[in-house]
Amino acid sequence: MSNPLTDLCSWLQLEDIDAAFLTSPDNIFYFSGFKSDPHERLLALVVFPESEPLLICPQMEAVDAKNACDYAEVIGYTDIENPWEKIKQTITTRKLTLRKVAIEKEHMNVERYEHIQHYFPAHSFISAEEKLRQLRMIKTEKEVEKIREACRLADLAVEIGVHEITEGKTEMDILATIEYEMKKMGHEMSFSTMVLTGANAASPHGTPGMTKIQRGDLVLFDLGVVYDGYCSDITRTVAYGDISEQQAVIYETVRKAQEAAVSISKPGISCAELDLTARNIINESGFGNYFPHRLGHGLGVSIHEYPSITETNPLLLQAGMVYTIEPGIYVPNIAGVRIEDDIYITESGCEVLTRYPKSLQIIQ
Ligand code: MN
Ligand code: MN
């Protein structure tokens, strides 16, 4: 049966690679089901074309690792042991020769690279990233089920936030309520929740603080929830009290751009076409200079993965991809508006996984 691990093994065989040495927690989770944040300690999954995989982790996590991934040999190491020595011993015991090793070049740091060269000399190191991205970019039905649930929870989290809006509450007040309610239900956020209002919302990656919500402000929510290891990512912008005509025009422009890109989402459309469909609408409205980021990004185990929806990416959409569409217009001191949905590409079109309404909502 095909699964991520067997697909990776097939690639190793095909490319004549002796091992893939994976070190990023998200890739390790994707291939092993073991989720861990090891901080500075070494966590690695070594996958071979034929021999069983090795999972190296701090000793205190070894039982959890074995429970998550019973088909791997788990090697725990204590804080006074050298994990590299232990990996080397196992590889020697198994009589494996490593000539060509795939590593995550973007993730591995210089110190670890020096260790790997020292313990496994005379090897060539190639990048595993491109293959890992390709595998992770196409989701299975099982993965989509998890993202769908994460999106349902994100819709609920926005609803909780919108209900909290009242005069005098700070961005932090509202953010704390959202995260508290989600945690009480047993869920973690995919990233630090953003609640931005007034001038703060005009910064695409602003930092929530003690700014109080006032009538006539737009309030931007950008948040996501994790369900069984998979992320959602939603943005909604609502009005508190009546807003200016200019703010309303900005809102409608973003909504039109967002919906236009959603409506053409289907297999065979390029990422560039998607981005440009939204971007052209914003450009034609005269706000082109105020949309300073790409249209969207893939998501799954990580909050940002492939495909990258940029105006120069010729990659064609395929069934199984899940990505965001999130145009925004940020005019300093006037308005910050972004609307973001998570889209799943099906054989015949797409399914919009986030469902919170997008027509302008005015909270009185
Ligand atoms: Mn977002
Ligand atoms: Mn996003």
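Visitor: How do the residues of the lining of the largest pocket divide into nonpolar, polar and charged?

Guide: Keep in mind that this is a predicted model. As for pockets, rolling a probe the size of a water molecule over the atoms shows where empty space is left. In this structure, the lining of the largest pocket has eight nonpolar, four polar and four charged residues.

Visitor: How much space lies in that largest pocket, and which residues are the closest to its centre?

Guide: The space comes to about 490 Å³. The lining is made of 16 residues, and N3, P4, Y30, Y71 and K142 are the closest to the centre.

Visitor: Which element gives the largest share of that lining?

Guide: That's α2, with four residues. At least two residues each come from α1 (4-14), α2 (25-32) and α7 (141-164).

Visitor: And the second largest pocket: how much space is there, and what classes of residue are in its lining?

Guide: You'll find about 350 Å³ of space in the second largest pocket. Of the 15 residues lining this pocket, look for S24, N27, E104, R136 and S302, the closest to its centre. The elements giving two or more residues here are α2, α6 (129-137) and β13 (305-309), and α6 has the largest share, with five. By class, the lining holds seven charged, five polar and three nonpolar residues.

Visitor: Let's move on to the metals. Which residues coordinate the manganese ion (ligand 1)?

Guide: With a metal, start by finding the atoms that hold it. For the manganese ion (ligand 1), these are D222 (OD), listed twice, D233 (OD) and E340 (OE), at 2.1 to 2.7 Å. Along the sequence, the donor residues follow the spacing D-x10-D-x106-E.

Visitor: How far apart are the manganese ion (ligand 1) and the manganese ion (ligand 2), and which residue coordinates both?

Guide: The two ions are 3.2 Å apart, and D233 coordinates both. Distant parts of the chain are linked here: D233 is in the loop between β10 (230-231) and β11 (234-240), while E340, 107 residues away, is in the loop between β16 (335-338) and β17 (341-345).

Visitor: Are D233 and E340 buried or exposed?

Guide: D233 counts as buried because its relative accessibility is 3%, under the 20% cut-off. E340 is buried too, at 0%.

Visitor: Now for the rings. How many aromatic pairs does the structure hold?

Guide: There are four aromatic pairs. For each one, check the distance between centres and the angle between planes. One of them is F21 with W84, which is stacked, at 5.7 Å centre to centre and 5° between the planes. F21 belongs to strand β1 (residues 19-22) and W84 to helix α4 (residues 83-93), so this pair ties together parts 63 residues apart in sequence. Both F21 and W84 are buried.

Visitor: What kind of aromatic pair do Y113 and F125 form?

Guide: That one is edge-to-face, with 5.5 Å from centre to centre and 70° between the planes. Y113 sits in helix α5 (residues 110-119) and F125 in strand β6 (residues 124-127), so parts 12 residues apart in sequence are tied together. Y113 is partly exposed, with a relative accessible area of 31%, whereas F125 counts as buried at 12%.

Visitor: Which charged residue sits over the ring of F29, and which lies over the face of Y240?

Guide: Here you look for a charged group above a ring. The charged end of K35 sits over the F29 ring, 4.5 Å from its centre. Over the face of Y240 you'll find R215, at 4.6 Å from the ring centre.

Definitions and conventions:
Residues numbered from 1 in each chain as written. Chains lettered and ligands numbered in written order. Predicted model: local features only at pLDDT ≥ 70, side-chain atom pairs only at ≥ 80, totals over all residues. Heavy atoms only, no water. Phe/Tyr/Trp six-rings, centres within 6.5 Å; stacked < 30°, edge-to-face > 60°. Buried < 20%, exposed > 50% of the residue type's maximum accessible area, 1.4 Å probe, protein only. Lys NZ or Arg CZ within 6 Å of the ring centre and 35° of its normal. Donors = N, O, S within 2.8 Å, 3.2 Å for Na, K, Ca; no water. 1 Å grid on protein atoms, 1.4 Å probe; cavity = no way out; pocket = protein on both sides within 12 Å on 5 of 7 lines; lining within 4 Å. Points joined across faces, edges and corners; volume = space filled by probe spheres on them. Nonpolar A, V, L, I, M, F, W, Y, C, P; charged D, E, K, R; others polar.
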